[in-house]
Amino acid sequence: MIVIGGGPVGEVAAERAARGGLQVALVEHERFGGECSYWACIPSKALLRPGNLLAAAKRVPGVPVGDKIDPAEVFARRDWFTGKGDDTGQVKWAEGAGIVPIRGHGRITGERKVTVDGGDELTARHAVIIATGSVPRTPSIPGLDTISPWGSREATSAEVVPRRLGVLGGGVVGVEMAQAFATLGAEVHLIISGERPLPRLPEFAGDAVIAGLREAGVTVHTGSGLDSVSAVDGGKELALKGGDRLVVDELLVATGRRPATDGLGVETVGLEAGAPLTTDDNGRVSAVDGDWLFAVGDVTGRAPLTHQGKYAARATGDSVAAQAAGKPVDSAAWSAHSATADHHAIPQVVFTDPEVASVGLAGPEEGKPHRVVDIDIAVAGSSLHADGYAGKARIVVDTERDVLVGATFVGQDVAELLHSATIAIVGEVPLPRLWHAVPSFPTISEVWLRLLEAYGL
């Protein structure tokens, strides 16, 4: 088997197939370990954690804390996690797992064939898996190509805190990096098109995050955008929709990502370059005949999150190994070979202060027997956790089956509440049974009892 893309998703697919008895080549043109390890999940959370910790400490009287964070120490800790881009450890891991790492750009040049950097041609006896992730989506803004804007990579790998930072985009990257750099000492302007960030989540989530950003010192420009940008003496001038102008030292463009299918040669097998690779739940690319081309992770557009991509990679790697061994591939929902959770239970955490943790539906679906329960997170555990604790919780219930189909938590340190909600949704635990899962006192998890009581149990 050949895997194109040596990030965490490709690594998992390769490992599972190798464990299943296949010889596996893993082709990567940048760093083994991928976007998440060096430019996204890991460094961004390393930048966010000190500010969140400082804010949390200030909410408990008697804790000796200062008012400022040392950016040099924060950057040094981030560099420890990323190894400053040294992927030697990941290469050794691959070799130890029985995988052959090949550094270079892989391109499909025919059925089961991959050419690396226009030279060596590899042939897969059983399958090719594409796990190339995603790349930033760049908006069309006059002058943007003249100012060398930051993308997420430049933000997470910065060595110096800019004095003034503009951030365009109210998604996860935008709000996380706006808050991280504000706590590191930058004057931050967040520019969003709507009235609140995180528009796909319940309104109370966006409202809480915008309040947290402002408390951290971020100036939020709502209902706005950029008409143009230009280089000026002393920085980059941003012409905001509505007529306002700002001068910043750096501009982070965080307006989303798209599947990285350019330059992969997918057109040689009838697919469209630049478009997501549509797959079934076993990871098989639906539009290609022959049961040999698979895709996992962001490149499919299904659930663009590292943990969800690794989940799909486990199912797909095992599916390919079973197929190669002549064993049946189980396409049934919730089987070991099917990434069924992509449709029902995708967990995600926004690591701002306050945190936002969500899984499943954010609200009721029209025409479905859904009921929403919203409550404040006001239990003994939250009061002990922080003075003035403010948080909210929501569950979405399928009232015909009496099971959870969605949950959202907003507040300090709510990320650890999420997995219990994910289990309840995936396991389709009936709420009368869930009532018997007694939360420990005094923990924030007692909010589960309050949610079920509000539902009527």
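1. Starting with the cysteines: the structure holds 0 disulfides, a disulfide being a pair of cysteine sulfur atoms within 2.5 Å. C36 is buried at a relative accessible area of 12%, while C41 comes out as partly exposed at 26%. For accessibility, buried is under 20% relative accessible area, exposed is over 50%, and partly exposed is in between, with a 1.4 Å probe and protein chains only.

2. Some housekeeping before you go on. This is a predicted model, where local features need pLDDT of at least 70 and side-chain atom pairs count only at pLDDT 80 or more, though totals for chains, interfaces and linings use all residues. Residues are numbered from 1 along each chain as its sequence is written, and side-chain values use heavy atoms, with hydrogens and water left out.

3. On to the aromatics. Rings of Phe, Tyr and Trp (for Trp, the six-membered ring) pair if their centres lie within 6.5 Å; planes under 30 degrees apart are stacked, over 60 edge-to-face, and the rest tilted. That rule gives 4 aromatic pairs. One of them is Y38 with W39, edge-to-face at 5.9 Å centre to centre and 65° between the planes. Y38 is buried at 7% relative accessibility, and W39 is buried too, at 10%. W80 and F81 also make a pair: their ring centres are 5.1 Å apart and their planes at 80°, so this one is edge-to-face. Here W80 is exposed at 66% and F81 is partly exposed at 40%.

4. Which arginines put a charge over the rings of Y38 and W39? The charged end of R31 sits over the Y38 ring, 5.4 Å from its centre, and R153 does the equivalent for W39, at 3.5 Å from the ring centre. The criterion is NZ of Lys or CZ of Arg within 6 Å of the ring centre and within 35 degrees of the ring normal.

5. Now the annotations. UniProt, in an unreviewed entry, gives residues 2-308 as "domain: FAD/NAD(P)-binding"; positions follow the numbering used here, feature names are shortened, and annotations may be inferred rather than shown by experiment. Over residues 2-308 the chain is 29% helix and 23% strand, with the end C-alpha atoms 21 Å apart. Helices (H or I, at least four residues) and strands (E, at least two) are DSSP runs, numbered from the N terminus.

6. The unreviewed UniProt entry also has a "binding site" annotation covering K45, G106, T132, G133, S134 and D298. Do these residues gather or spread, and why should you care where they sit? They span 254 residues in sequence and the farthest two C-alpha atoms are 30.3 Å apart, so they do not all gather at one spot. Of these residues, K45 is included in the lining of the second largest pocket. A pocket, on a 1 Å grid over the protein atoms alone, is an open set of points where a 1.4 Å probe fits, with protein on both sides within 12 Å along at least five of seven lines; lining residues have an atom within 4 Å of a point.7. Two of those annotated residues meet each other. G133 is in the loop between β7 (128-130) and β8 (134-136) and is buried at 18% relative accessibility. Setting aside residues up to four places away in sequence, G133 touches P259, A260, D298 and V299, where contact means heavy atoms within 4.5 Å. D298 is in the loop between β17 (293-295) and α9 (306-324), and its contacts, counted with the same sequence exclusion, include G133, S134 and P259.

8. For residues 346-448, the unreviewed UniProt entry has "domain: Pyridine nucleotide-disulphide oxidoreductase dimerisation". The chain there is 20% helix and 31% strand, and the end C-alpha atoms are 19 Å apart.

9. D353 deserves a look. Is D353 buried or exposed? At 13% relative accessibility, D353 counts as buried. D353 is in the loop between β18 (348-350) and β19 (355-360), as is P354, and the peptide bond joining D353 to P354 is cis, with omega near 5°. Beyond its neighbours within four places in sequence, D353 contacts N52, A55, R59, Q179 and G212. From D353 to T132 it is 221 residues in sequence and 31 Å in space, C-alpha to C-alpha.

10. There is a cis peptide bond from F441 to P442 as well, with omega near -5°. P442 is in the loop between α12 (431-434) and α13 (447-455).

11. Lastly, backbone angles. L198 has a positive phi, near 50°, in a residue other than glycine; L198 lies in the loop between β10 (187-191) and α8 (203-215) and is buried at 6%. D291 also has a positive phi, near 55°, and is in the loop between β16 (257-259) and β17, but D291 is partly exposed, at 38% relative accessibility.
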